[in-house]
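Here are a few exercises to work through with the model open in your viewer. Try each task before you read its solution.

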Amino acid sequence: MMRLFQGSFARNFAWLVGSEGLVRITRLGTAVVLARYLTAAEFGVAALAVASHELLRLLAHNGFGLKLIRAGDDQVDKLCNTLFVLNWAWSLGLFALQCAAGLLVADYFGVDDVGPMLFILAGVYLTMPLGLTQMYRVHRQQRLKVTAWVDSTQVMADNVLTAVLAIAGLGAWAIVLPKLIVAPIWVIGYRMADAWRFDRNKGFAPFGEAFGETRGILSSELARGLRAQLDIFVIGRVLGTEVLGLYYFARNAGLGISLALLQAAMHAMLPKLGEVVRRFGVGSELAAENLRILRIMLVVTLPVIAAQVLLAPYYVPLVFGGQWQPAIPVLMLLCLSAVPRIVGEGMTQLTRAAGHAVVDARWNVWSAPALFTAVLAGCHYGLVGTASAVLLFHLVYQSLFVAVTGSRLFRRPQPEPRPLHATT
């Protein structure tokens, strides 16, 4: 068992999980405050704004960082200059896109506050290019200790500020405003962690090279993001913002913990698998390392998920208040859906490290309409039916994805026939 937790992935994962533990302390306090000071309807409004922003922000996952992680040492300086310029152009486009989307979302759902909220959140894109290249370099060097502390500091500040604004009576805005206010923490952290600065004198890599992974990564992230936020939009449209508020509470209070651990693992997993690919290529070494990482992830996350599911009937009314008891079965079902997601996300990072991001993209593209159909059908049976549909979808989809993709990625050659021995 001790050997399982040796190596750079285990160290990086430990840093990320440790920082996530600190984040969870502040997030728990914030969740309690929000549960006491916000109504279900206000939760629903915030859910629409944040889900819309998170979906559009996935366009920032353009694959540029993966290109740098896999690049040779002699390409790094020129590629960094190219990525810096492209990230500025990309982020300005995202800013304009989200401002336009704010008007459409507010009109479609009939919630006026969502438009201004999305305008405010669009400001995040104007800070991202200042630290993105430094973040790519940190990931390339597998300095995930930096990622752990920078990201956790930003999120903890977000949580504390959210609680303060909720107590001050800002309602749904208490969830939205802090995300822009704390954005400079992320920029300053990565710029302090890596001394790289744009220098045109070092030249540029061909701009087309930076887009080598973009099509596969971007289509995959968009489909994954749509899948992650689809339930929010469907419930908000079919069942209304107040019911959506109950669902959003259940998702954040329960599934949020498991997905945070999963996100920590993903941050540490891709650089490690990228290193294995650079050293050994795609083969048995990569498959073995991926299996070892998956075991670590399950050993850490399964006890957390089990505790959440079994203790939910007791800690939800005690910690958050009796008004949230209707959300308990929803919370339990959503927590269970984290188990197949862990295995599936591991396969996603494996395909990307192996240079087959387009395979992951294809699976994610068709999965979005499948989940839409499942959630829409589940809505006819209330929130419990919706959560059950989400769980069933992930059990089926992630199982198929891992089985089919894994067998194709590591297709073993057929053994040669053994020679026949004469008998006496």
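Buried means under 20% relative accessible area, and exposed means over 50%. Keep in mind that this is a predicted model.

**Exercise 1. Is H6 enclosed or open?**

Task: work out how many of the twelve residues of H6 are buried, and what that says about the helix.

Solution. Start by listing the residues of H6 that pass the cut-off: Pro129, Gly131, Leu132, Thr133, Gln134, Met135, Tyr136, Arg137, Val138, His139 and Arg140 are buried. That's eleven of the twelve residues, so H6 is largely enclosed by the rest of the structure. For background, 54% of the 424 residues of the chain count as buried.

**Exercise 2. Check the helix lengths**

Task: compare the expected span of H6 with the distance between its end C-alpha atoms, then do likewise for H7.

Solution. The expected span is 1.5 Å times one less than the number of residues. For the twelve residues of H6 this gives 16 Å, and the end C-alpha atoms sit 17 Å apart, which agrees. H7 (residues 144-167) has 24 residues, so 34 Å is expected; its end C-alpha atoms are 34 Å apart, in agreement.

Now look just past each helix. Gln142 follows H6 and has a positive phi, near 55°. Gly169 follows H7, and its phi is positive too, near 95°.

**Exercise 3. Describe two helix packings**

Task: describe how H4 packs with H6, and how H7 packs with H8.

Solution. Two packed helices are described by the angle between their axes and the distance between the axes.

Step 1: H4 with H6. The axes of H4 (residues 76-109) and H6 (residues 129-140) come within 9 Å and cross at roughly 140°. An angle over 145 degrees would count as roughly antiparallel, and 65 to 115 as roughly perpendicular. H4 and H6 are therefore oblique to each other, and their crossing is right-handed. On the H4 side, the contact uses Val76, Asp77, Cys80, Leu83, Phe84, Asn87, Trp88 and Ser91, while H6 brings Pro129, Leu130, Leu132, Thr133, Tyr136, Arg137 and Arg140. Sorted by class, this contact has nine nonpolar, three polar and three charged residues.

Step 2: H7 with H8. Here the axes of H7 and H8 (residues 173-181) are 8 Å apart, at an angle of about 140°. That makes H7 oblique to H8. The crossing of H7 and H8 is right-handed. H7 puts in Asp158, Leu161, Thr162, Leu165 and Ala166, and H8 answers with Ala174, Ile175, Leu177, Pro178, Lys179 and Ile181. By class, the tally for H7 with H8 is eight nonpolar, one polar and two charged residues.

**Exercise 4. Two residues, buried or exposed?**

Task: decide whether Gly236 is buried or exposed, and do likewise for Leu392.

Solution. Gly236 lies in H11 (residues 214-238). Its relative accessible area is 9%, so Gly236 is buried. Beyond its neighbours within four places in sequence, Gly236 is in contact with Phe109, Thr241 and Leu244. The C-alpha atoms of Gly236 and Val45 are separated by 9.0 Å, although these residues are 191 apart along the chain.

Leu392 belongs to H17 (residues 382-409). With a relative accessible area of 54%, Leu392 is exposed. Its C-alpha atom is 8.6 Å from that of Ala374, 18 residues away along the chain.

**Exercise 5. The whole chain**

Task: which secondary structure does the chain have, and how many helices and strands are there?

Solution. Count the elements: there are 17 helices and zero strands. Then turn to contacts between residues at least 6 apart in sequence: 85% of them join residues at least 24 apart.

Methods:
Residues are numbered from 1 along each chain as its sequence is written. This is a predicted model: local features need pLDDT of at least 70, side-chain atom pairs count only at pLDDT 80 or more; totals for chains, interfaces and linings use all residues. Side-chain values use heavy atoms; hydrogens and water are left out. Axes are lines fitted to C-alpha atoms, for helices over the stretch in contact, and angles run from 0 to 180 degrees between N-to-C directions. Helices (H or I, at least four residues) and strands (E, at least two) are DSSP runs, numbered from the N terminus. Angles under 35 degrees count as roughly parallel, over 145 as roughly antiparallel, 65 to 115 as roughly perpendicular and the rest as oblique. A crossing is left-handed if the near helix is turned anticlockwise from the far one by less than a right angle, and right-handed if clockwise. Contact means heavy atoms within 4.5 Å. Ala, Val, Leu, Ile, Met, Phe, Trp, Tyr, Cys and Pro count as nonpolar, Asp, Glu, Lys and Arg as charged, and the others, Gly among them, as polar. Buried means under 20% relative accessible area, exposed over 50%, partly exposed in between (1.4 Å probe, protein chains only).
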